[in-house]
Amino acid sequence: MSSRPGPLECIERYFAAAPLPDARLERAGALDVPLADPAWPYPARPARDGGKPVTVEDVRAAVELQRGAGLPAALEWIPECSPEMAAAVRAAGMPIEELPLLVADDPVDLVLPAGVRLFLVGADDPQLPEYQRVADVAFAHPGGRADVHEAPLDTSPEARARTAALRERIGAGRTVMMVALEDGQPVAVGSHQPIDIGGTEVSEIVGVATLPRLRARGLGAGIASALVEHARETADLVFLAAGDDDVARVYERVGFARLATTCVAELPG
C-alpha cells in the first residue's frame, strides 16, 4: 500500500504541475524549462523524471531557451531535494538567493486593524490594476515602514498583459486574490494558488504585499492568515517562500513552520 507523500514531495509535485496548463515544457539536460507567455513566466526547475544531476551545461542551455522565448532567465529549486544544483548555477555565473520555505502548521486567526476590510477579488474587478500597483510599489521598496513615492498606475502593454493573465487565472480558480481596503483604497494584497496533484490539493501563498507607508500594522500578516484559512477549506498543504529570515519570523508568529529552503537564481534582462 502506497504511503502519502511528505510535504517536500508534495511541494515538488506542485511546482512540476504549475506550468502545465499554459506552458510548453522543453528539456535542457536535467532541467525542465516551461516556455509560457512572458506575462506569466515560470522558472526552470530540476526535472521530476531526470534521474541525473544538473550540470552547468544544463543551466546554460535553460537560460538560452528562456532568452530565445523572450522570458526572464530564472531558475528555482529546493536544495534539500537537488543539492548539486547550486554549484552548477554558480559555475554558470548566476547569483543565488536563498529563501526560507514554510508550511502552514498551526495558523493563528488575526484581526485586521480597525477600519480595514478584506475582500476576495473577482476576475471582473475593474480595480485589479490598482491592486497590482500596490504589489509593484511594495516589492520595489522592500523592508520596513517607509514614506516612499508611489508610482502612477502602469498602463504599458506589458502591464496590461499581466492584468489580463491574472484575470484569466482568477476566473479559472487558479489564483485566489485578496485585497485589504482602507477608506476605499487598496493598502495590501495577497494571493494563494491551489493545484490538485493526484487527489492532494496544495496551495502556495504568493504576492503578500503592503504599501510601505502602512507597514508594521499587521496588514500583511492578517492577509496571510486569511489566505491560509481560505486555502485550507480545500487544500491539504499550504506553503510559502518568505523573502528573508525577518519575514519568515513574522510568518512563524502567525502559525507557519520552517520546512526547508527555496533557492532562486536570476540574470538581469
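Q193 sits in strand β8. In this predicted model, Q193 comes out as buried, because its relative accessible area is 12%, below the 20% cut-off. Setting aside neighbours within four places in sequence, its contacts take in Y14 and W40, then R169, R174 and T175, and finally V202, S203, E204 and V206. Strand β8 itself spans residues 185–197 and turns up again as one of the packing partners of helix α4.

That helix covers residues 128–140. With 13 residues, α4 reaches 18 Å from its first C-alpha to its last, close to the 18 Å expected at 1.5 Å a residue. The buried part of α4 consists of L128, then the run Y131, Q132, R133, V134 and A135, plus V137 and A138. As for what those residues pack against, the list has one helix, α5 (157–172), and three strands: β7 (176–182), β8 (185–197) and β9 (200–210). For background, an α-helix has 3.6 residues a turn, so residues three or four places apart point the same way.

Towards the start of the chain there is an open sheet of three strands, ordered β1-β2-β3 and paired antiparallel. The edges are taken by β1 (23–28) and β3 (45–46); each has a single partner strand, so one side of each is left without a neighbour in the sheet. Strand β2 (residues 31–36) is joined to β1 by six bridges, the two running antiparallel. Looking at individual pairs, R27 has D32 as its bridge partner in β2, while R24 is matched with L35. The hairpin of β1 and β2 has two residues between the strands, and here G29 adopts a positive phi near 60°. On the other side, β2 and β3 pair antiparallel over two bridges, with L31 standing opposite P46 in β3.

How much of β2 is covered? Six of its six residues are buried, so "mostly covered" is the description that applies. L31, V33 and L35 point one way from the strand, D32, P34 and A36 point the other way, and all are buried. Some of the surroundings come from helix α2 (residues 56–68), which lies across β1 and β2 and runs at about 5° to β2.

Just ahead of that helix, T55 belongs to the loop between β3 and α2. Unlike the β2 residues, which are buried, T55 is partly exposed, with a relative accessible area of 31%. T55 and A28 are 27 residues apart in sequence, and their C-alpha atoms are 9.9 Å apart in space.

Zooming out, the whole protein has seven helices and 11 strands. Its radius of gyration is 19 Å, close to the 18 Å that the globule rule gives for 269 residues, so the protein is as compact as a globular protein of that length. Taken along the principal axes, the C-alpha atoms fill a box of roughly 55 × 50 × 35 Å. Buried residues account for 48% of the 269. Among contacts between residues at least 6 apart in sequence, 71% join residues at least 24 apart. The accessible surface comes to about 13,300 Å², and carbon and sulfur atoms contribute 51% of that.

How values were computed: Residues numbered from 1 in each chain as written. Predicted model: local features only at pLDDT ≥ 70, side-chain atom pairs only at ≥ 80, totals over all residues. Heavy atoms only, no water. Pairing = 2+ DSSP bridges. Helix = DSSP H or I, 4+ residues; strand = E, 2+ residues; numbered from the N terminus. Contact = heavy atoms within 4.5 Å. Axes fitted to C-alpha atoms, helices over the stretch in contact; angles between N-to-C directions. Expected span 1.5 Å × (residues − 1). Buried < 20%, exposed > 50% of the residue type's maximum accessible area, 1.4 Å probe, protein only. Rg over C-alpha atoms; globule rule 2.2 N^0.38 Å. Areas by Shrake-Rupley, 256 points an atom, 1.4 Å probe, with all protein chains shown as cover.
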